[in-house]
Amino acid sequence: MDLGCGIALPMMMKAMIELDVLEIMAAARPGALLSPEEIASKIQTSNPDAHEMLDRMLWFLAAHKVMTCEVLVGEEEGKSKRRYGLGPVCKFFTKDENGVSLDPLLLIHHSKFMADTWANIKHAVLDGSVPFVKANGMTIYEHEHKDPHFSELFNETMFNRTTMYMKKMLENYK
């Protein structure tokens with residue numbers, strides 16, 4: 001049993017969102033397959049080997065069916081090259097026609113504040129404390145008022161989820 005994957009997959013998705021990789025790929029024509037070099041060229045980076053790390057990250061996501069992958073054999077000096085596309089699940093992590101996605105939800109759930117909260121979940125049983133308060137010394141709402149970045153992410157999460165839910169309800173309401 002590989003327990004390492006339990007945190008690796010969402011953290012890899014978090015990195016892809018923070019690097020804007022999914023939006024870069026979505027901006028290409030529908031169904032496009034991009035090389036790691038093409039993607040890296042659109043990211044602000046000082047790392048000349050960024051494409052190699054992106055290839056590893058994208059390969060990991062392809063192995064988990066988040067990305068699609070095409071291997072081109074013998075393209076250059078007998079080496080194979082990979083090109084990647086967005087898998088079906090990526091539609092939830094790229095902006096829709098309303099400009100919303102589940103990106104902020106994933107980012108907030110995998111922020112340091114929430115990770116520290118989960119690390120303190122046992123205290124809800126041991127001493128009855130609230131894990132977020134135990135981890136961060138204040139409630140999530142107090143934290144939101146003190147941290148503008150967290151507040152913005154929290155509000156964006158709520159807005160995006162509400163927009164997505166309302167759209168789906170209106171599509172199905174008779």
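## Close-up views of a predicted protein model

Serine 35 is buried, with a relative accessible area of 12%. Because buried means under 20% relative accessible area, serine 35 with its 12% belongs in that class. The model shown here is predicted, and the legends below take us through it one view at a time.

**Figure 1. Serine 35, a buried residue in a loop.** Let us stay with the residue we have just met. Serine 35 sits in the loop that joins α2 to α3 (36–40). Which residues does serine 35 touch, leaving aside those up to four places away in sequence? The partners are Arg82 and Arg83.

**Figure 2. The protein as a whole, with ten helices and two strands.** Before moving on, it helps to step back. If you walk along the sequence, the elements come in the order α-α-α-α-β-β-α-α-α-α-α-α. The C-alpha trace spans about 60 × 45 × 35 Å along its principal axes. The protein has 174 residues, and 36% of them count as buried. How much of the contact total, at a separation of 6 or more, comes from residues 24 or more positions apart? Such pairs account for 49% of those contacts. The protein exposes about 11,300 Å², with carbon and sulfur atoms supplying 59% of that area. It also carries 19 positive and 24 negative charges, and the mean positions of the two groups are 5 Å apart.

**Figure 3. Aspartate 20 and lysine 65, two loop residues with positive phi.** Start with aspartate 20, which lies in the loop between α1 (5–18) and α2 (21–27). Its phi is positive, about 70 degrees, although aspartate 20 is not a glycine. Now look at lysine 65, in the loop between α4 (50–63) and β1 (67–76). Lysine 65 is not a glycine either, yet it has a positive phi of about 65 degrees. Are these residues buried, partly exposed or exposed? Aspartate 20 counts as partly exposed, at 38% relative accessibility. Lysine 65 has a relative accessible area of 66%, so it is exposed, given that exposed means over 50%.

**Figure 4. The largest pocket and the residues that line it.** This pocket holds about 310 Å³ of space. Its lining is made of 19 residues, and those closest to the pocket centre are Pro104, Leu107, His149, Leu153 and Glu156. Which helices each supply at least two residues of the lining? They are α1, α5 (103–109) and α10 (148–172). Of the contributors, α10 gives the most, with six residues. As you look at this view, a general idea may help: rolling a probe the size of a water molecule over the atoms shows where empty space is left.

**Figure 5. Leucine 86 in strand β2 and its contacts.** Here we turn to a strand. Leucine 86 belongs to β2, which covers residues 79–86. At 28% relative accessibility, leucine 86 counts as partly exposed. Not counting residues up to four places away in sequence, leucine 86 touches Leu22, Met25, Ala26, Val66, Met67, Thr68 and Thr94. How far apart in space are leucine 86 and methionine 164, C-alpha to C-alpha? The distance is 20 Å, for two residues 78 apart in sequence.

**Figure 6. Threonine 117, a buried residue of helix α6.** Helix α6 runs over residues 112–119, and threonine 117 is part of it. Is threonine 117 buried or exposed? With 10% relative accessibility, threonine 117 counts as buried. Setting aside residues up to four places away in sequence, its contacts are Pro131, Phe132, Ala135 and Asn136. The C-alpha atoms of threonine 117 and valine 130 are separated by 8.8 Å, and the two residues are 13 apart along the chain.

**Figure 7. Lysine 134, a partly exposed residue of helix α8.** Our last stop is helix α8 (residues 131–136), where lysine 134 has its place. Its relative accessible area is 40%, so lysine 134 is partly exposed. What does lysine 134 touch beyond residues up to four places away in sequence? It touches Asn120, His123, Asp127 and Ser129. Lysine 134 and alanine 119 are 15 residues apart in sequence, and their C-alpha atoms are 9.8 Å apart in space.

Key. Residues numbered from 1 in each chain as written. Predicted model: local features only at pLDDT ≥ 70, side-chain atom pairs only at ≥ 80, totals over all residues. Heavy atoms only, no water. Helix = DSSP H or I, 4+ residues; strand = E, 2+ residues; numbered from the N terminus. Buried < 20%, exposed > 50% of the residue type's maximum accessible area, 1.4 Å probe, protein only. Contact = heavy atoms within 4.5 Å. Areas by Shrake-Rupley, 256 points an atom, 1.4 Å probe, with all protein chains shown as cover. Lys, Arg positive; Asp, Glu negative; His and termini not counted. Charge placed at Lys NZ, Arg CZ, Asp CG, Glu CD. 1 Å grid on protein atoms, 1.4 Å probe; cavity = no way out; pocket = protein on both sides within 12 Å on 5 of 7 lines; lining within 4 Å. Points joined across faces, edges and corners; volume = space filled by probe spheres on them.
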